[in-house]
Amino acid sequence: MKSKNMINVCCLFFLAIFGFIAFFPIYMAVLNSFKTQGEMFTSVLALPNEWTLQNYVDTIQRMDIFRNIWNTVIVTLVGQTGIVICASLAGWRLSRTSGKLSSFIFILFLSSMLIPFNAIMVTLAQVASTLNLADSLIGLGLIYTGLGTSMALFLYHGFVKTVPRELEESARIDGCGEFQIFFKIVFPLLKPITATILILNSLWIWNDFLLPMIMLSNVNNQTLILAINRFFGEFTTDWPRVLSGLIMTSIPVVIFYVLFQKNIVAGIAEGAIK
């Protein structure tokens, strides 16, 4: 009993250390977002001499934050809609179809997950320009659909196996078509894994910087993360406003994650191990 208690104490001790390490950068960002540039460089760890929201006000004005939020929401919605529809349909069909061709297509999708984005970003930019998808919020969302479908298909493919085939066979006997079977019977049963995919991809799309930087050149089309880049100058960086911008940008996605975090582990565990 004593040895077991000692193990629990050690585990809690190490968890506390790791929690402190993870929380410390957030604490520093919040703390220094209330300071002036000079005060921040004078003492990074000290509390502000005077707590002020001026950095946040200036950031909102210079970023045109409400337009940037709307742009980010459009990109996220387009990307998420495409990923869920394409991946769920493909995952269901591939899971229900046996044969070498089905296995080959599934492995082909999975193999694309091994290709780093840096290896394809130049070619991707050229293709997007040819298809008139560059400098377009809808086009950027469609590109996210292509990049995110493989991982979502992998999760859907495993989760669909938990759905009894008898439900689909009964629907076919009643005269339902394939799309009716999927959208009225199968897709509602995929709610746990769909929630997981929505959460993971929302975190990815909302916080992504590299792809919007490559694809968007019009200032009016900038996403939140891309707009924060305005505070990085050639010779100096306005760190208090950078930090305040990052904090405001992260608040919506943190709230979204906290509300639905239980679905992440449950969905991945049920879908990936089947």
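This passage walks through the overall build of the chain, one helix pair and a few single residues. The model is a predicted one, in which local features need pLDDT of at least 70 and side-chain atom pairs count only at pLDDT 80 or more, while totals for chains, interfaces and linings use all residues. Residues are numbered from 1 along each chain as its sequence is written, and side-chain values use heavy atoms, with hydrogens and water left out.

To start with the whole chain, it holds 14 helices and zero strands, where helices (H or I, at least four residues) and strands (E, at least two) are DSSP runs numbered from the N terminus. Its C-alpha atoms fill a box of roughly 75 × 70 × 35 Å along the principal axes. Of the 274 residues, 37% are buried, that is, under 20% relative accessible area, with exposed meaning over 50% and partly exposed in between (1.4 Å probe, protein chains only). About 16000 Å² of the chain is exposed, and carbon and sulfur atoms supply 70% of that; the areas come from the Shrake-Rupley method with a 1.4 Å probe. Taking contacts (heavy atoms within 4.5 Å) between residues at least 6 apart in sequence, 75% join residues at least 24 apart.

Next comes a helix pair. Two packed helices are described by the angle between their axes and the distance between the axes. For H7 (residues 137-160) and H10 (residues 191-207), the axes come within 10 Å and cross at roughly 155°; axes are lines fitted to C-alpha atoms, for helices over the stretch in contact, with angles from 0 to 180 degrees between N-to-C directions. H7 and H10 are therefore roughly antiparallel, the label for angles over 145 degrees. On the H7 side, the residues in contact include Tyr 144, Leu 147 and Phe 159, and those of H10 include Ile 193, Ile 197 and Trp 204. By class, this contact has 11 nonpolar, two polar and no charged residues; Ala, Val, Leu, Ile, Met, Phe, Trp, Tyr, Cys and Pro count as nonpolar, Asp, Glu, Lys and Arg as charged, and the others, Gly among them, as polar.

Finally, some single residues. Thr 249 sits in helix H13 (residues 239-260) and is buried, at a relative accessible area of 1%. Leaving aside residues up to four places away in sequence, Thr 249 touches Trp 206, Leu 224, Ile 225 and Ile 228. In the loop between H6 (117-130) and H7 lies Asn 132, which is not a glycine yet has a positive phi of about 60°. Asn 132 is exposed, with 66% relative accessible area. Asp 135 lies in the loop between H6 and H7, and its phi is positive too, about 55°, but Asp 135 counts as partly exposed at 28% relative accessibility.

Notes. Angles under 35 degrees count as roughly parallel, over 145 as roughly antiparallel, 65 to 115 as roughly perpendicular and the rest as oblique.
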